[in-house]
Amino acid sequence: MKDGKPAYTYNFLGLSRYTITALQALPPGHATVVLDFVYDGGGMGKGGKATLSVNGKAVATGRVEKTQPNIFSADETADVGIDNQTPVAEGIGVGAETRFTGKISKVILEVR
């Protein structure tokens with residue numbers, strides 16, 4: 001979330017970042033935010049199409065040109081609602097500065 005708008009950033013090893021952001025802020029109340037990533041396939045490290053949806057409606061789409069082809073660093077974390085290690089997105093700060101103050105009911109990760 002950035003300025004009330006859902007956003008997604010893929011950070012490629014700190015060398016490049018791919019960000020998509022909804023044009024509208026979320027209205028108050030419950031919302032289901034989904035990021036769908038469709039991998040191009042054809043080997044490791046390829047890109048894909050990222051689509052951000054709110055309550056079943058696509059609100060942003062963009063390309064991720066390349067993905068990490070191997071394992072991630074063991075000192076990074078899988079944070080939800082705060083970024084405690086290397087910032088994924090630029091301009092949001094580190095640690096407590098990145099804390100999301102809304103309510104996250106659940107996170108579902110589905111690999112197809």
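Reader: In E5, which residue is the bridge partner of Ser 53?
Author: This is a predicted model, where local features need pLDDT of at least 70, side-chain atom pairs count only at pLDDT 80 or more, and totals for chains, interfaces and linings use all residues. Residues are numbered from 1 along each chain as its sequence is written, and side-chain values use heavy atoms, leaving out hydrogens and water. Look along strand E5 (a strand is a DSSP run of at least two residues, numbered from the N terminus). There, Ser 53 is bridged to Ala 58.

Reader: Over how many bridges do E4 and E5 pair?
Author: Strands count as paired if DSSP finds at least two bridges between them. E4 and E5 pair in the antiparallel sense, and their number of bridges is 7.

Reader: What order do the strands of the open sheet have?
Author: The open sheet has 3 strands, with antiparallel pairing. Strand E3 (33-39) and E5 each have a single partner strand, so one side of each is left without a neighbour in the sheet. With those two at the edges, the order is E3-E4-E5.

Reader: How many strands does the protein chain have?
Author: Follow the chain from its N terminus and the elements run β-β-β-β-β. The secondary structure holds 0 helices, and the number of strands is 5.

Reader: Which strands each supply at least two residues of the largest nonpolar core?
Author: Nonpolar side chains tend to be buried together in soluble globular proteins. Here the largest nonpolar core (buried Ala, Val, Leu, Ile, Met, Phe, Trp, Tyr and Cys residues joined through side-chain atoms within 4.5 Å) has 8 residues: Tyr 10, Phe 12, Tyr 18, Ile 20, Ala 50, Leu 52, Ala 60 and Val 64. The strands that each give at least two of them are E1 (7-12), E2 (16-21), E4 (48-54) and E5 (57-64).

Reader: Which residues does Ala 50 touch, not counting residues up to four places away in sequence?
Author: Ala 50 belongs to the largest nonpolar core. Touching means a contact, with heavy atoms within 4.5 Å. Leaving out those sequence neighbours, the residues in touch with Ala 50 are Tyr 8, Ile 20, Leu 35, Asp 36, Phe 37, Ala 60, Thr 61, Gly 62 and Val 64.

Reader: Is Thr 9 buried or exposed?
Author: Thr 9 sits in strand E1. Buried means under 20% relative accessible area and exposed over 50%, with partly exposed in between (1.4 Å probe, protein chains only). The relative accessible area of Thr 9 is 16%, so this residue is buried.

Reader: What percentage of the residues in the protein chain is buried?
Author: The protein chain has 112 residues, and Thr 9 is one that is buried. For the chain, the buried share is 24%.

Technical notes. Helix = DSSP H or I, 4+ residues; strand = E, 2+ residues; numbered from the N terminus.
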